[in-house]
Amino acid sequence: MNLFVDAFNWILDPANYAGPGGIPVRLVEHLVFTVVAVLLASLIAIPVGFLIGHTGRGRSLAVATSGGLRSIPTLGLLTLVALWVGIGLGAPYVALTVLAIPPILAGAYAGFEAIDRSTIDSARSVGMSESQIVRTVEIPLGLPLLIAGIRSATLQVVATATLAAYVADFGLGRFLFAGLKTRDYAEMLGGSLLVILLALALEGIFTVVQRLVVPKGVAFGRPPVDRARSARPGPGMDPAITKGNH
Amino acid sequence: MTWIWSNLDLLWDRTLDHLVLSVPPIILSFLFAVPLGWLANRYRAGRGVILTASGLLYAIPSLPLFFVIPAVFGTSLRSPLNLIIALTLYGVALMVRVVADGLASVDTDVRQSAVAVGYSGWSIFWQVELPLAGPVLLAGLRVVAVSTVSLATVGAVIGAQSLGSLFTDGFQRGIQAEIIAGIVLTVGLALLLDGVLVVLGRILLPWTRRAPTNRRTLRVARMAEAPA
Amino acid sequence: MFTANRGRLAAVAAVAVGAVVALAGCASGDPLDSGNTTDEGSATLVVGSQDYYSNEIIAEIYAQALEENGFTVDRQFKIGQREVYLPEIESGSIDVFPEYTGSLLQALNADAAGGTAEETFAQLQDELPDGLSVLDMAKATDQNSWTVTQAFADKYSLTDIASLADVTEPITVGGPSELETRPYGPTTLTEKYGIPIAGFTPIEDGGGPLTIKALVDNAIQITNIYTASPNIKSDKLVALDDPDALFFADNVVPVVSDKVDEKAADVLNAVSAALTAEDLVSLNSESVNDELSAEKIAAAWLKQANLF
């Protein structure tokens, strides 16, 4: 395991913090890239997902497209677009936005689908217009699953954005490739540890965001209690059993 | 496109190589994830630990993992076993959460009835919980299959021949047709395995041929597909 | 009641396993083999290649030449790292591998002196560890070079590497990551010739299409292109002269394990004797421009060389 010791020493070495190729610069580049890619993917996937979730139409098409997009190998897409576009960030942005779309799309429509139909019906019967229903009922209630989708997308992009360094002088992936090519294991492992730390930090942020975003009264993290089958504690029943096992 | 016609045998060989590299991890991920997911579901304390650990695992970038695994397991760097271990780890990371959620979604009433009727602990798992969680597990397994096929292409960088070799070779020589062929075959293979799993699901879980009427199972099944 | 019973599950599992095993049999080059093929027939040789299309063509020529002379060949191509295949050759998992004299010498000893082709070859023979040896080298070379576009060379009347000091615009170097730390890299340009380098842009395609495109688009001004690359002619590039031998001579040479006997050595030496630098350029051109497979290119070359 002294490979890991070397990697830690590399991370802590102040020489690696200076200059345009230093750790802080690369970290920021990597983070910015991730945020922009997820944002671009959200701009495409969220409206489409909301539409599918609200109207209930086109779901199987969305699932099939998601599955298809998910299966596109990122390295393949990256090299292909890079051949057309040349070096720089164009190809990585295209490839990684495609990677990020399926989880966000799924989060968007699944969030809407998970909402109790009776809630929507009541909203309609009270006289809300369709857009009001979407804005004030479906979006707030569907937010937890959407955030879960964005979280998943972010994690995948952070891990895969290392590939951007294949065609551009950008991001934490530079440490991976430079270390790989010059056989500097410390640099390579150090770089990967940094990517993992970044991913964990983002996961932590998302956990907090998910808790904040859930509207009051909605159970966080579990499927909403199915009213039709709510537990009717009979006499003498152990609450541990009726509460269920989630 | 003439390149494709003159290199059909190369494409076929690579596809077979890729199949042999991606199917074992899918099966192994399932086999490892089920007990882990069961543990996470059964023991409250374990759940947080196991799920965080699997999230961590998925965050590890694939390329460095290929170099770390030989150091830890002692496999040769170039060995396809290297790639299979890495892909299995990613598959398990994805699948554990799905298994935990799937088992958790089994209606407690059903479980209680099984206990009442006299099923033993083992039988409850095999004959009640697992089949009922089946659709959710299948949805998760389909996602694992697709992402394994896609991820296996990265192995080309360390010398494990697969459809990914078409990307590196096409990239070096500037042959777009080769890269496009590689992408199309990867997607095709993923969709093929996905289809096989769907058929498998119909065979093993025939009661799901009708859309589930239990809204709770339906909801959890869709959640399993969603953020994974 | 529940049909997910053991019997059905077992049947499906058996079919699945059977299918994978059957397909594994069809797959070429047993992927589940880690490369330690020590119990093969004595006439079977393992030929490897780098993850570089040009090297793969040479390896394919070796393989087909050996096959024409009665050997059975197991091809294991596209191995990415020198640190991976060198130990495998030493241990006998790989038997024949096309290499380049200067690059291999520098990889084994970063402080090697280099010099002429013969001097480099002699030093390489000294540096090789036990278990590895080299056969005759070919006249064919695939040198590293500092290359610019014809337009850039004309603009500043560039002839050799030292003349880069006359360039008035900022010079960005492009190339694979390892170029930055190579003995002939950008730091040497600055220290030895006083050439100011504005920056380094890493491009990981080994002198391939992205690098060429960046050079032609003037995103980078100089890069390292292998001299056997067909792009030098087709994209009008100029490899600057290297009078100080900054770059080691890089002749093609087969590295072999102890398993390679006299008969096999003769075959490989015959190939090396016939392979010229111009040959290598046209072989590469057939791969990149005509998009032919290594197999076809090798077969065609062997036919016209008419060695056996």
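I will talk through three places in chain C of this predicted model: the side that touches chain A, the surroundings of one proline, and a pair of helices.

Let me begin with the interface, where 15 residues of chain C are in contact with 13 residues of chain A. On the chain C side, the elements that contribute two or more residues are strand 7, which spans 197–202, and helix 8, which spans 209–216, and helix 8 gives the largest share, with 4 residues. Sorted by class, the residues on this side of chain C come out as 7 nonpolar, 3 polar and 5 charged.

Next, the proline, which is Pro98(C), placed in strand 3, residues 96–100 of chain C. Is Pro98(C) buried or exposed? Pro98(C) has 29 other C-beta atoms within 10 Å, and because the cut-off for a buried residue is 20 or more, it counts as buried. Leaving aside residues up to four places away in sequence, Pro98(C) touches Ser49(C), Asn55(C), Ile58(C), Ala59(C), Tyr62(C), Val252(C) and Pro254(C). For Pro254(C), which is 156 residues away along the chain, the C-alpha to C-alpha separation from Pro98(C) is 4.4 Å.

Finally, the helix pair: helix 4, residues 101–108, and helix 5, residues 117–127, both of chain C, pack at an angle of about 40 degrees with their axes 9 Å apart, which makes helix 4 of chain C oblique to helix 5 of chain C. The crossing of these two helices is left-handed. Helix 4 of chain C brings Thr101(C), Gly102(C), Leu104(C), Leu105(C) and Leu108(C) to meet Thr120(C), Phe121(C), Gln123(C), Leu124(C) and Glu127(C) in helix 5 of chain C, and this contact has 5 nonpolar, 4 polar and 1 charged residues.

Conventions. Residues are numbered from 1 along each chain as its sequence is written. Chains are lettered from A and ligands numbered from 1 in the order in which they are written. This is a predicted model: local features need pLDDT of at least 70, side-chain atom pairs count only at pLDDT 80 or more; totals for chains, interfaces and linings use all residues. Two residues are in contact if their C-beta atoms, placed from the backbone, lie within 7 Å. Ala, Val, Leu, Ile, Met, Phe, Trp, Tyr, Cys and Pro count as nonpolar, Asp, Glu, Lys and Arg as charged, and the others, Gly among them, as polar. A residue is buried if 20 or more other C-beta atoms lie within 10 Å of its own, exposed if 12 or fewer, and partly exposed in between; C-beta atoms are placed from the backbone. Axes are lines fitted to C-alpha atoms, for helices over the stretch in contact, and angles run from 0 to 180 degrees between N-to-C directions. Angles under 35 degrees count as roughly parallel, over 145 as roughly antiparallel, 65 to 115 as roughly perpendicular and the rest as oblique. A crossing is left-handed if the near helix is turned anticlockwise from the far one by less than a right angle, and right-handed if clockwise.
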